[in-house]
Amino acid sequence: MKLIKQLIAVATVAFATSAFAATAPANEAPDVLVKRISSEVLETAKSDKEIQAGNQKKVMDLVETKILPYVDFQRMTSLAAGRYWREATPEQQKQLAAEFRTLLIFTYSGALSQVKDQTVDFKPMRSSPGDTEVEVRSQVNQQRGEPIQLNYRVAKTDAGWKIYDINVLGAWLVEAYKGTFASEISKGGIDGLIKTLSEKNKKLASKPLKTAGK
């Protein structure tokens, strides 16, 4: 469980690196963008005393306003649901995406409050000028332990570059959720999955955020 929480925290660093994308030049390459802004985001998480103290409202406000606009939740949800997404009604798709989005909000919020001493190094990006989907590769360094491989996929949309999947230690986040989604759908259908996610979100909403010092 401790390792899973650590990986979630590391993964959140990847999403957080897109927090200031709205101010980036339109022609800025995604890897250049990430390199430029990641230090700002990490420094904010490390230095903000209220975030470090676990101020849930401030952390969630940060997630809502600075991170979520740059994550493609619709695509993430459809990929995680796989073939079941096409079988769901428009209303079920809407509800599922909303619950998955809420789950990730709590995930990001909890991880941001635990950022402490991480730094990120980026590797050369392999892509062509006309690519609309790329993978940015990096590693997260910690004072204790080995560097952690961290790659993420971003796609160019009408609204700019958006993240739709991340890879931590060789495992893609969407693929991990796909197994969970399929298991719940096999037991109770799409509505069963929506109910399970809703109940989990209610439990998370009632718990205080943990901080790096706890």
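Glu133 is partly exposed, with 40% of relative accessible area. The model it belongs to is predicted. In this model, the side chain of Glu133 meets that of Arg75 in a salt bridge. That pair is one place to begin; the points below then move to other charged residues, a buried arginine, the aromatic rings and two further residues.

**Salt bridge between Arg75 and Glu133**

- The N to O distance in this salt bridge is 2.9 Å.
- The two partners come from distant parts of the chain, 58 residues apart.
- Arg75 belongs to helix H5, which covers residues 73-81.
- Glu133 belongs to strand S2.
- Is Arg75 buried or partly exposed? Its relative accessibility is 26%, so Arg75 counts as partly exposed.
- Glu133 is also put in the partly exposed class, because its relative accessible area is 40%.
- Arg75 has a ring partner too: its charged end sits over the ring of Tyr164. The distance to the centre of that ring is 3.8 Å.

**Other salt bridges**

- How many salt bridges does a search of the whole structure find? The search finds five.
- One of them joins the side chains of Glu87 and Arg83, at 3.2 Å from N to O.
- Glu87 and Arg83 are four residues apart in helix H6 (residues 83-87), so about one helical turn separates them.
- Glu87 is exposed, because its relative accessible area is 53%.
- Arg83 has 47% relative accessibility, so Arg83 counts as partly exposed.
- Another salt bridge pairs Lys178 with Glu175. Their closest N and O atoms are 3.6 Å apart.
- Both Lys178 and Glu175 lie in helix H8. They are three residues apart, about one turn of the helix.
- Lys178 is partly exposed, because its relative accessible area is 31%.

**A buried arginine: Arg137**

- Arg137 lies in strand S2, which spans residues 133-141.
- Arg137 is buried, yet it has no salt bridge.
- Which side chain of opposite charge is nearest to Arg137? It is Glu135, and it is 5.8 Å away. A salt bridge needs the side-chain nitrogen and the carboxyl oxygen within 4 Å, so this pair does not qualify.
- A polar atom of the Arg137 side chain lies 2.9 Å from the backbone oxygen of Pro124.
- Leaving out residues up to four places away in sequence, Arg137 touches Phe122, Lys123, Pro124, Arg126, Leu150 and Asn151. Pro124 thus appears in this list and supplies the backbone oxygen just described.

**Aromatic rings**

- A pair of aromatic rings is described by two values: the distance of the centres and the angle of the planes.
- The count comes to three aromatic pairs.
- Phe100 and Tyr177 form one that is edge-to-face. Their centres are 4.9 Å apart, with 80° between the planes.
- This pair links distant parts of the chain, 77 residues apart. Phe100 is in helix H7 (residues 90-112), and Tyr177 is in helix H8 (residues 173-205).
- Are Phe100 and Tyr177 buried or exposed? Both are buried.
- Tyr177 also pairs with Phe181, and that pair is tilted. The values are 6.1 Å centre to centre and 55° between the planes.
- Tyr177 and Phe181 are four residues apart in helix H8, so about one helical turn separates them.
- Phe181 is buried, and so is Tyr177.
- Together, ring pairs link Phe100, Tyr177 and Phe181 into a cluster.
- A charge over a ring turns up at Phe73 as well: the charged end of Arg101 sits over that ring, 5.7 Å from its centre.

**Thr132 and Lys202**

- Where is Thr132? It lies in the loop between strand S1 (119-122) and S2.
- Thr132 has 45% relative accessibility, so it counts as partly exposed.
- The C-alpha atoms of Thr132 and Ala155 are separated by 5.6 Å, although the two residues are 23 apart along the chain.
- Setting aside neighbours within four places in sequence, Thr132 is in contact with Val154, Ala155, Lys156 and Trp161.
- Lys202 lies in helix H8.
- Lys202 is exposed, because its relative accessible area is 60%.
- Lys202 and Leu103 are 99 residues apart along the chain, and their C-alpha atoms are separated by 9.5 Å.

Definitions and conventions
Residues are numbered from 1 along each chain as its sequence is written. This is a predicted model: local features need pLDDT of at least 70, side-chain atom pairs count only at pLDDT 80 or more; totals for chains, interfaces and linings use all residues. Side-chain values use heavy atoms; hydrogens and water are left out. Helices (H or I, at least four residues) and strands (E, at least two) are DSSP runs, numbered from the N terminus. Buried means under 20% relative accessible area, exposed over 50%, partly exposed in between (1.4 Å probe, protein chains only). Lys and Arg count as positive and Asp and Glu as negative; His and the chain ends are not counted. A polar contact is a pair of N or O atoms within 3.5 Å; within protein, one must be able to donate a hydrogen and the other to accept it, and residues adjacent in sequence count only if both atoms are side-chain atoms. Contact means heavy atoms within 4.5 Å. Rings of Phe, Tyr and Trp (its six-membered ring) pair if their centres lie within 6.5 Å; planes under 30 degrees apart count as stacked, over 60 as edge-to-face and the rest as tilted. A charge sits over a ring if NZ of Lys or CZ of Arg is within 6 Å of the ring centre and within 35 degrees of the ring normal.
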